Amino acid sequence: MYRIEEAAKKTGLTKRALRYYEELGLVNPSGRTESGYRMYTDEDIAHILHVKNTRDLLGASLQEIKDMMDLAHKYELLKQGYYQGVSAEEKLNLLTELERTLLAKRGFLQEKMNKLSELLANYDEKLTRIARKKRELQAEIENEKEEP
C-alpha cells in the first residue's frame, strides 16, 4: 500500500488533487493508517490513472467523469440484478434500464467526439489556408529570382 505522497508520484497528481478527487467521490483510498493517513493500493492507483486519462483524453470535467463513473456503477449493479434469477419481466425491465444507462454514456462520448471533430475540422481549414499561402509565397519568390 502507498501513502498519499507515493500515490501522488505514481499518478503525476498533487496530494491536494488526490484529496480533492476523494472529496468529489472520484477516488476512495482503500484504507487509512491508525494515524488517519490515506493508503492506496495498486488497484487504487490504476483507478486514479483511469480518471486522469479520462480527464486528459476526453477533456472531460471532473463532474462529467463522476457522472460517467456513476453510470458505469449503475450498469454493473443492473447487470448483477439480471443474473440473480429474476423473472423474465424483471429481466426485461433491467435490460431496458441497462440500455438507458449505456445510451447516456454513449451520448456523452458522442458529444465529446463531435466537439473534437469540429476542432479537427477547424485545424484542417487553417492548415489548408497556410499551405495555400505558402505556395503563393514560394511562387512569388520564384518569380522574383527569374526577373533580372
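**Exercise 1.** Leaving aside its neighbours within four places in sequence, which residues is V86 in contact with?

*Solution.* The structure is a predicted model, and the first step is to place the residue in it. V86 belongs to the loop that lies between helix α4 (62-82) and helix α5 (88-146). The second step applies the contact criterion, heavy atoms within 4.5 Å; once neighbours within four places in sequence are set aside, the contacts of V86 are G81, K91 and L94. The third step turns to exposure: the relative accessible area of V86 is 26%, and since partly exposed covers the range between 20% and 50%, V86 is classed as partly exposed. As a last step, consider a separation along the chain: V86 and E125 are 39 residues apart in sequence, and their C-alpha atoms are separated by 55 Å.

**Exercise 2.** Determine how the axes of helices α1 and α2 are arranged, and name the residues through which these helices meet.

*Solution.* Two packed helices are described by the angle between their axes and by the distance between those axes. For α1 (residues 4-11) and α2 (residues 15-24), the axes come within 9 Å and cross at roughly 100°. Angles of 65 to 115 degrees count as roughly perpendicular, and α1 and α2 are therefore roughly perpendicular to each other. From α1, the residues I4, E5, A7, A8 and T11 take part in the contact, and they meet K15, L18 and R19 of α2. Sorted by character, the residues of this contact comprise four nonpolar, one polar and three charged.

A closer look at one participant completes the picture. K15, which is found in helix α2, touches I4, E5 and A8 when residues up to four places away in sequence are not counted. With a relative accessibility of 34%, K15 counts as partly exposed. Between K15 and L62, which are 47 residues apart in sequence, the C-alpha to C-alpha distance is 16 Å.

**Exercise 3.** Work out the strand order of the open sheet, and state how helix α3 lies relative to β1 and β3.

*Solution.* Three strands make up the open sheet, in the order β1-β3-β2 and with antiparallel pairing. The edges are formed by β1 (2-3) and β2 (31-32), each of which pairs on one side only. Strand β3 (residues 38-40) runs antiparallel to β1 and is joined to it by two bridges; the bridge partner of Y2 in β3 is Y40. Helix α3 (residues 42-58) then lies across β1 and β3, and its direction makes an angle of about 85° with β3. For the wider setting, the unreviewed UniProt entry places the feature "domain: HTH merR-type" at residues 1-71; over that span the chain is 63% helix and 10% strand, with its end C-alpha atoms 28 Å apart.

**Exercise 4.** Is K112 buried or exposed, and what does K112 contact beyond its neighbours within four places in sequence?

*Solution.* K112 is located in helix α5. Its relative accessibility is 9%, and because buried means under 20%, K112 counts as buried. With neighbours within four places in sequence left aside, K112 is in contact with L58, G59, A60 and E64. The C-alpha atoms of K112 and Y83 are separated by 33 Å, the two residues being 29 apart along the chain. Finally, the unreviewed UniProt entry annotates a "coiled-coil region" over residues 106-147; in the model that span is 98% helix and 0% strand, and its end C-alpha atoms lie 61 Å apart.

Notes:
Residues numbered from 1 in each chain as written. Predicted model: local features only at pLDDT ≥ 70, side-chain atom pairs only at ≥ 80, totals over all residues. Heavy atoms only, no water. UniProt positions renumbered as here; feature names shortened; annotations may be inferred. Helix = DSSP H or I, 4+ residues; strand = E, 2+ residues; numbered from the N terminus. Axes fitted to C-alpha atoms, helices over the stretch in contact; angles between N-to-C directions. Parallel < 35°, antiparallel > 145°, perpendicular 65-115°, else oblique. Nonpolar A, V, L, I, M, F, W, Y, C, P; charged D, E, K, R; others polar. Pairing = 2+ DSSP bridges. Buried < 20%, exposed > 50% of the residue type's maximum accessible area, 1.4 Å probe, protein only.
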